[in-house]
Amino acid sequence: RLRAVFEHWRQAKPRSTDTLRACERALVLFERQLGDPPVQALSRAQGECFRQGLLALGGSTKTACDRLGWIKSLLAHAHRRLGLIPRPPWADVVIDHQGGPSRRPWTDDELRALLSLPLFTRHQWPDAPKAGAEAAFWLPLLGLYTGARLGELCRLTVTDVVPAPGGTFLRLGETGARPRRVPVHAELLRL
């Protein structure tokens with residue numbers, strides 16, 4: 001059953017609380033819509049039915065796509081790690097999702113205005129309780145010099161800063177996903 005696959009997947013490697021919650025929410029929707037069939041009995045037609053059910057919930061197509069993706073990940077785990085099925089039955093079941101509007105790059109004037117704030121010129125950390133303190137200084141700079149997503153940067157810990165023979169790197173990526181190494185720019189090291 002997919003619930004048992006989820007439990008095995010959960011214990012296979014460390015995963016963030018948000019990751020576990022998101023996958024379990026998708027699993028609950030799966031169980032509500034399709035019941036509790038054996039994984040070996042799942043068909044592509046049931047995948048299409050689940051896909052239509054997710055779209056009928058009325059949320060964004062991104063949310064529906066993410067939820068379908070979690071179930072497909074569990075089915076891939078049932079195939080690759082547990083050998084329960086010869087291949088994931090929903091591999092070609094998709095929800096077309098187009099990302100949001102693309103963001104334009106900051107202009108030189110906008111960057112100058114940001115970096116001329118007292119936060120950057122005099123290291124005056126914001127004192128409001130939820131203003132980020134030192135993170136308000138470092139996150140924009142890390143974003144500028146790495147191109148990484150803010151969500152990835154916010155999850156960094158000291159153990160994600162990796163000195164190596166070629167320089168210092170940041171280890172970025174979801175918990176449980178294959179991390180990637182991003183070089184730390186010399187200016188960040190200087191700061």
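# A tour from helix α1 to helix α8

Select C23 to begin: with a relative accessibility of 0%, C23 counts as buried. You will find C23 in helix α2, which covers residues 17-34. Keep in mind as you click around that this is a predicted model.

**Stop 1: around C23**

Which residues does C23 touch, once neighbours within four places in sequence are set aside? Show F6, W9, W70 and L74, and you have the set of contacts. Next, pick R67 and draw a distance line to C23 between the C-alpha atoms. R67 and C23 are 44 residues apart along the chain, yet their C-alpha atoms are separated by 7.3 Å.

**Stop 2: over to F6**

Now select F6, one of the contacts of C23. F6 sits in helix α1. Is F6 buried or exposed? F6 is buried, because its relative accessible area is 0% and the cut-off for buried is under 20%.

Beyond residues up to four places away in sequence, F6 touches L20, C23, E24, L27 and L74. Compare this list with the one for C23, and you will meet L74 again, since C23 is in contact with L74 and F6 touches L74 as well. For another distance line, try F6 to R51: these two are 45 residues apart in sequence and 19 Å apart in space, C-alpha to C-alpha.

**Stop 3: zoom out**

Show the whole protein as a cartoon. How many helices and strands does the secondary structure come to? There are nine helices and three strands. Follow the chain from the N terminus and you pass eight helices in a row, then three strands, then a helix. The radius of gyration is 21 Å, well over the 16 Å that the globule rule gives for 191 residues, so the protein is more spread out than a compact globule. A box around the C-alpha atoms, taken along the principal axes, would be roughly 65 × 40 × 30 Å.

Try colouring by burial: buried residues make up 29% of the 191 residues. If you switch on the surface, you are looking at about 12300 Å² of accessible area, of which 55% belongs to carbon and sulfur atoms. For the charges, colour the 28 positive and 18 negative ones; their mean positions are 5 Å apart.

Before going on, colour by confidence. The average pLDDT is 90, and 95% of the residues score at least 70. Where is confidence highest, and where is it lowest? Helix α1 (residues 2-12) has the highest mean, at 96, while helix α8 (residues 150-154) has the lowest, at 86.

**Stop 4: the loop between α6 and α7**

Select H123, which is found in the loop between α6 (118-121) and α7. The phi angle of H123 is near 50°, a positive value in a residue other than glycine. H123 is partly exposed, with a relative accessible area of 43%.

Stay in this loop and select A133, which is also placed between α6 and α7. A133 has a positive phi of about 50° too, although A133 is not a glycine. With a relative accessible area of 36%, A133 is partly exposed.

**Stop 5: along helix α7**

Helix α7 runs over residues 134-146, and P140 lies in it. P140 counts as partly exposed, at 28% relative accessibility. Which residues does P140 touch, not counting those up to four places away in sequence? Show F120 and A135 to see them. A distance line from P140 to D127 gives 17 Å, C-alpha to C-alpha, for two residues 13 apart in sequence.

Move on to G143, also in helix α7. At 23% relative accessibility, G143 counts as partly exposed. Leaving aside neighbours within four places in sequence, G143 is in contact with A148 and L153. Pick L153 and draw the line: the C-alpha atoms of G143 and L153 are separated by 7.5 Å, with their positions ten residues apart along the chain.

**Last stop: E152**

Finish in helix α8, where E152 lies. Is E152 buried or exposed? E152 is buried, because its relative accessible area is 5%, under the 20% cut-off. Show L172, G173 and R180 beside E152; E152 touches these three, not counting residues up to four places away in sequence.

Methods. Residues numbered from 1 in each chain as written. Predicted model: local features only at pLDDT ≥ 70, side-chain atom pairs only at ≥ 80, totals over all residues. Heavy atoms only, no water. pLDDT = per-residue confidence, 0-100. Helix = DSSP H or I, 4+ residues; strand = E, 2+ residues; numbered from the N terminus. Rg over C-alpha atoms; globule rule 2.2 N^0.38 Å. Buried < 20%, exposed > 50% of the residue type's maximum accessible area, 1.4 Å probe, protein only. Areas by Shrake-Rupley, 256 points an atom, 1.4 Å probe, with all protein chains shown as cover. Lys, Arg positive; Asp, Glu negative; His and termini not counted. Charge placed at Lys NZ, Arg CZ, Asp CG, Glu CD. Contact = heavy atoms within 4.5 Å.
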